[in-house]
Amino acid sequence: MFESEDFEMSLEAQLRMRVIEDEIRHCENVKELQEQLIRVTKLFASYQQLLTKVTERLLKHELDAMVGGDTMVEIMNIMNNNGT
């Protein structure tokens, strides 16, 4: 699904990361680092959830186009009920 170029950051993004890394390495306030880590972890989880939903919707759209809407509903019902 992804190509190797998809994982390469732009020079601007690399510079931003370098600045952030430098700030983190020079920060001695443990409490602030803990708070920022919690915020980043929540943000990461939110992005992961959004990416999961986008992927599910794209997959459903592609399957609808391949097999038709009614068949896709049946397949989703089977998957949601674990085949029962």
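User: Why is Met9 called partly exposed?

Analyst: In this predicted model, Met9 has a relative accessibility of 45%. Buried means under 20% and exposed means over 50%, so Met9, at 45%, counts as partly exposed. You will find Met9 in the segment before α1.

User: What makes Met9 eligible for a nonpolar patch on the surface?

Analyst: A patch residue needs over 30% relative accessible area and no salt bridge, and Met is among the nonpolar side chains that are joined within 5 Å. With 45% relative accessibility, Met9 passes the area cut-off. The patch is formed by Met9, Met17, Ile20, Ile24 and Leu33, with about 420 Å² of accessible area together. Helix α1 (residues 11-26) gives the most to this patch, with three residues.

User: How do you know that Arg16 and Glu12 form a salt bridge?

Analyst: The cut-off is a side-chain nitrogen of Lys or Arg within 4 Å of a carboxyl oxygen of Asp or Glu. For Arg16 and Glu12 the N to O distance is 3.9 Å, so the pair fits the definition. The two are four residues apart in helix α1, which means that about one helical turn separates them.

User: Why is Glu12 called exposed, and why is Arg16 called partly exposed?

Analyst: The line for exposed is drawn at over 50%. Glu12 has 57% relative accessibility and therefore counts as exposed. Arg16 has 48%, so this residue counts as partly exposed.

User: What about Lys31 and Glu35, whose side chains meet in a salt bridge: why is Lys31 called exposed?

Analyst: Lys31 has 51% relative accessibility, and so counts as exposed, the cut-off being over 50%. Its partner Glu35 has 35% and is therefore partly exposed. Their N to O distance is 3.7 Å, and they sit four residues apart in helix α2, about one helical turn.

User: What makes Lys53 and Glu56 a salt bridge?

Analyst: Their closest N and O atoms are 3.6 Å apart, and the definition asks for within 4 Å. Both lie in helix α2, three residues apart, about one turn of the helix. Lys53, at 33%, counts as partly exposed, and Glu56 is partly exposed too, with 44%. The structure holds five salt bridges.

User: How do you know which helix gives the most to the lining of the largest pocket?

Analyst: That helix is α2, with five residues. The pocket has a volume of about 290 Å³, and its lining includes Ile20, Glu23, Leu33 and Val40. The lining residues divide into six nonpolar, one polar and two charged.

Methods
Residues are numbered from 1 along each chain as its sequence is written. This is a predicted model: local features need pLDDT of at least 70, side-chain atom pairs count only at pLDDT 80 or more; totals for chains, interfaces and linings use all residues. Side-chain values use heavy atoms; hydrogens and water are left out. Patches are made of residues with over 30% relative accessible area and no salt bridge: like charges are joined within 9 Å, nonpolar side chains (Val, Leu, Ile, Met, Phe, Trp, Tyr) within 5 Å. Accessible areas come from the Shrake-Rupley method with a 1.4 Å probe; for residues, only the protein chains shown count as cover. Buried means under 20% relative accessible area, exposed over 50%, partly exposed in between (1.4 Å probe, protein chains only). On a 1 Å grid over the protein atoms alone, a cavity is a set of points where a 1.4 Å probe fits but cannot get out, and a pocket is an open set with protein on both sides within 12 Å along at least five of seven lines; lining residues have an atom within 4 Å of a point. Grid points are joined across faces, edges and corners, and a volume is the space filled by probe spheres set on the points. Ala, Val, Leu, Ile, Met, Phe, Trp, Tyr, Cys and Pro count as nonpolar, Asp, Glu, Lys and Arg as charged, and the others, Gly among them, as polar.
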